[in-house]
Amino acid sequence: MAEIPTLPPKERLILELLVSSGALYGLELVDRSDGGLKRGTVYVTLGRMEAKGFLTSEQETLPEGAIGLPRRRYRPTGLGERALRAWGRFTQELRLEVQT
Amino acid sequence: MTANGRARLPGRLLMRVASFCFDEPALTKIIQPAIADFQREVLAGGSIGVRLRGYAALAKVLVLALFVPSAGAGAPFTWTLLGLNGASSLALLSPILFAGVCPMFGPFVAGAVVAGMALAVGLHAWNSRHPTAVACTRRIYSKDPEINISSVPVGGNIGGFFFVLASSLTILLGLPELRGFVLGTVVGGGALAWGLFAWRRSHRQSSVTAVVLH
């Protein structure tokens with residue numbers, strides 16, 4: 001039986017931000033999360049989510065003469081979007097079940 | 001930004017140091033994105049406060065990447081402790097364990113360390129001269145550190161003798177009030193072993209015949 005992927009709150013928040021915005025850098029995710037994500041932990045979470053297949057990332061191409069390291073931009077995968085939708089349905093079902 | 005600005009761009013030294021500590025996936029997926037975002041923030045005109053917050057965040061990223069294997073990469077400290085290098089993990093954990101129990105069992109710990117090292121050297125020397133096949137479990141090839149008693153040949157050989165001797169001495173040293181019980185089990189066990197040995201010796205022929213006839 002295939003392992004069911006988990007979707008903790010922080011990963012859910014990241015997926016929600018990425019699904020609504022398309023592609024974002026790590027610090028942009030932190031800025032848009034209204035305190036939900038911390039810049040000290042977001043990269044580890046992003047790395048874990050990429051390993052789980054929830055998102056993909058690509059390194060930006062720096063223009064000629066630019067300095068600094070190239071940034072990494074993250075976007076959700078199909079699996080990530082499906083996991084987020086499934087989580088939404090699950091919580092909805094759970095709420096209905098508990099309230100009735 | 002000028003060449004002077006390039007020299008002042010934060011994170012370059014950190015990236016260089018990190019390249020010695022982390023593997024490629026950890027560097028490219030965790031460390032480098034964090035430093036790159038920080039550099040962009042500073043280039044955009046970050047104040048001292050932004051720099052301080054950035055450095056604090058980078059420190060946290062490095063610590064997490066060192067210890068959190070679920071980050072999907074890196075975590076060299078955790079991997080070392082949990083098993084990519086099992087022998088060194090045990091070598092590291094043993095002194096910690098001894099240091100932890102030393103305040104309560106000082107002389108016993110010292111005796112156990114000395115006796116354990118002497119026994120290890122003795123066993124190694126004996127085994128080098130009398131190599132035997134060692135039972136291998138499925139997990140023996142895994143990198144997880146473990147003390148696997150099933151991999152130690154404790155049959156009717158020198159390994160078994162040392163195992164019994166060490167177990168008995170451990171109980172005698174740790175629980176001296178049980179010396180009578182230990183003595184009784186040694187005498188009883190010895191008598192039982194002698195009885196079994198004598199019985200099997202006298203019934204060896206008939207057992208083989210029974211198996212062949214069966």
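These questions and answers cover one pocket and one cavity in a predicted model.

Trainee: What volume does the second largest pocket have?
Mentor: Take the lining before the size. Residues of chain B line this pocket, including B:F161, B:L172 and B:A193. The space in the second largest pocket is about 200 Å³.

Trainee: Which elements give two or more residues to the lining of that second largest pocket?
Mentor: Start from the residue numbers. B:F161, B:V164, B:L165, B:S168, B:L169 and B:L172 are among the lining residues. So are B:V182, B:T185, B:V186, B:G189, B:G190 and B:A193. Set against the helix ranges, they point to helix 8 (158-174) and helix 9 (179-202) of chain B.

Trainee: How many charged residues are in the lining of the second largest pocket?
Mentor: Sort the lining by class. Nonpolar residues number 8. Polar residues number 4, with Gly counted as polar. The count of charged residues is none.

Trainee: How many cavities of 30 Å³ or more does the structure hold?
Mentor: Apply the 30 Å³ cut-off. The largest cavity has a volume of about 50 Å³. The number of cavities at or above the cut-off is 1.

Trainee: Which helix supplies the largest share of the lining of the largest cavity?
Mentor: Both chains appear in this lining, with A:L27, A:R39 and A:Y43 from chain A. In chain B, helix 3 (24-43) and helix 4 (48-67) each supply at least two residues. The largest share is 4 residues, and it comes from helix 4 of chain B.

Trainee: Which residue is the charged one in the lining of the largest cavity?
Mentor: The class counts are 7 nonpolar, 1 polar and 1 charged. Arg counts as charged and Gly as polar. B:G54 is therefore the polar residue. The charged one is A:R39.

Note on methods: Residues are numbered from 1 along each chain as its sequence is written. Chains are lettered from A and ligands numbered from 1 in the order in which they are written. This is a predicted model: local features need pLDDT of at least 70, side-chain atom pairs count only at pLDDT 80 or more; totals for chains, interfaces and linings use all residues. Side-chain values use heavy atoms; hydrogens and water are left out. On a 1 Å grid over the protein atoms alone, a cavity is a set of points where a 1.4 Å probe fits but cannot get out, and a pocket is an open set with protein on both sides within 12 Å along at least five of seven lines; lining residues have an atom within 4 Å of a point. Grid points are joined across faces, edges and corners, and a volume is the space filled by probe spheres set on the points.
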